[in-house]
Amino acid sequence: MAMRAATLAAATAVKGAAPNGLRALLFSTSRFPFSPPPTQTEKPPPAEPSNNLFVSGLSKRTTTDGLREAFAKFGDVVDARVVTDRVSGYSKGFGFVRYATIEDAEKGRVGMDGQFLDGWVIFAEYARPRPPPPSPQSSVQNGPNGTPMQWRT
C-alpha cells in the first residue's frame, strides 16, 4: 500500500511539473534553437544629388499631369512621369520628376517629401542610377539559375 501511494504521489508531482500527452504538445514551448533575424537593417547610402527625383507612395489614381503640377511649385519641371501598369493603366505607385537644375530638385525634394498627394503620403528622394543590364552573351550561355547550359550534339 505504501508503494502504491508513493507511486501515485510521484506521478501527480510529475504531471504538475511537466505536462504530458496532448497538453504537452499544445502548451509547451519549443526547444528549437531559433534566433530571430537582426532588428537593425542597414540602409543604403543616400543617392547623390541630381536633378532627377524618385517619388514613391503615389496613389493608383495619380496621373503624370497631377505629379507635374504638384512639383512645379518648387521649380521648373522638365519632365514628370508616373510609371503605370501596362494592362490596367493605373499607377504602380511611383514615378520620376526631372527639374532643370539641382537646386530646384532640392527644393522639390524637401518641399514634397512626406506631403499628401491625392490622399496618399508621398516620399521624394534623389533617383539612383539604373544598374547596368547583364551582358547578352552571359544570359545566352548560362541557364536560368546562372549555371552553364549543357549542349547536346
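Here is a short chat about the predicted model shown above.

Biologist: Morning! What does the secondary structure of the protein chain come to?
Modeller: Hi! This is a predicted model, and its protein chain has five helices and six strands. Along the sequence they follow the pattern α-α-β-α-β-β-α-β-β-β-α.

Biologist: And the pLDDT, what is the mean for the protein chain?
Modeller: The mean is 79, with 62% of the residues at 70 or more. Residues 14–18 fall below 50, and that stretch makes zero contacts in the model beyond near neighbours in sequence. Where pLDDT is low, the predicted coordinates should not be read in detail.

Biologist: Fair enough. On to the sheet: in what order do the strands come?
Modeller: It is an open sheet of four strands, ordered S2-S3-S1-S6, with antiparallel pairing. S2 (77–84) and S6 are the edge strands, each with a single partner, so one side of each has no neighbour in the sheet. On average, neighbouring strands are turned by 20° against each other, direction ignored.

Biologist: How many bridges join S2 to S3?
Modeller: Six, and the two strands run antiparallel. Arg81, for instance, stands opposite Phe96 in S3.

Biologist: What packs on that sheet?
Modeller: H3 does, touching S1, S2, S3 and S6, and its direction makes about 140° with that of S2. Helix H4 (residues 102–112) lies across S1, S3 and S6, at about 150° to S6.

Biologist: Let's go to S1 then. Why is S1 largely enclosed by the rest of the structure?
Modeller: Because four of its five residues are buried. S1 shares five bridges with S3 (residues 91–99) and four with S6 (residues 123–126), antiparallel in the latter pairing as in the former.

Biologist: Which residues does Leu53 pair with, say in S3 and in S6?
Modeller: Its bridge partner in S3 is Val97, and in S6 the partner is Tyr126.

Biologist: Nice. What comes after S1, where does Ser59 lie?
Modeller: Ser59 is in the loop that links strand S1 (52–56) to helix H3 (64–72).

Biologist: Is Ser59 buried or exposed there?
Modeller: Buried: its relative accessibility is 5%, and the cut-off for buried is under 20%.

Biologist: What is Ser59 in contact with, leaving aside its neighbours within four places in sequence?
Modeller: Ser91, Asp118 and Trp120. Closer along the chain, a polar atom of the Ser59 side chain lies 3.1 Å from the backbone nitrogen of Arg61.

Biologist: Back to H4. Which of its residues are buried?
Modeller: Asp104, Ala105, Gly108 and Met112 are buried. Seen down the axis of H4, the buried residues fall within an arc of 100°, so they line one face of the helix.

Biologist: Remind me why a spacing of three or four places points the same way?
Modeller: An α-helix has 3.6 residues a turn, so residues three or four places apart point the same way.

Biologist: What do those buried residues of H4 pack against?
Modeller: They pack against S1, H3 and S3. On the other side of H4, Glu103 and Val110 are exposed.

Biologist: And what follows H4?
Modeller: Gly114, with a positive phi near 85°.

Biologist: Last one: how much of the protein chain is buried?
Modeller: Buried residues make up 20% of its 153 residues. As for contacts with a separation of 6 or more, 60% of them are between residues 24 or more positions apart.

Note on methods: Residues are numbered from 1 along each chain as its sequence is written. This is a predicted model: local features need pLDDT of at least 70, side-chain atom pairs count only at pLDDT 80 or more; totals for chains, interfaces and linings use all residues. Side-chain values use heavy atoms; hydrogens and water are left out. Buried means under 20% relative accessible area, exposed over 50%, partly exposed in between (1.4 Å probe, protein chains only). A polar contact is a pair of N or O atoms within 3.5 Å; within protein, one must be able to donate a hydrogen and the other to accept it, and residues adjacent in sequence count only if both atoms are side-chain atoms. Contact means heavy atoms within 4.5 Å. pLDDT is the predictor's confidence in each residue, from 0 to 100. Two strands pair if DSSP finds at least two bridges between them. Axes are lines fitted to C-alpha atoms, for helices over the stretch in contact, and angles run from 0 to 180 degrees between N-to-C directions. The arc is that of the directions from the helix axis to the C-beta atoms.
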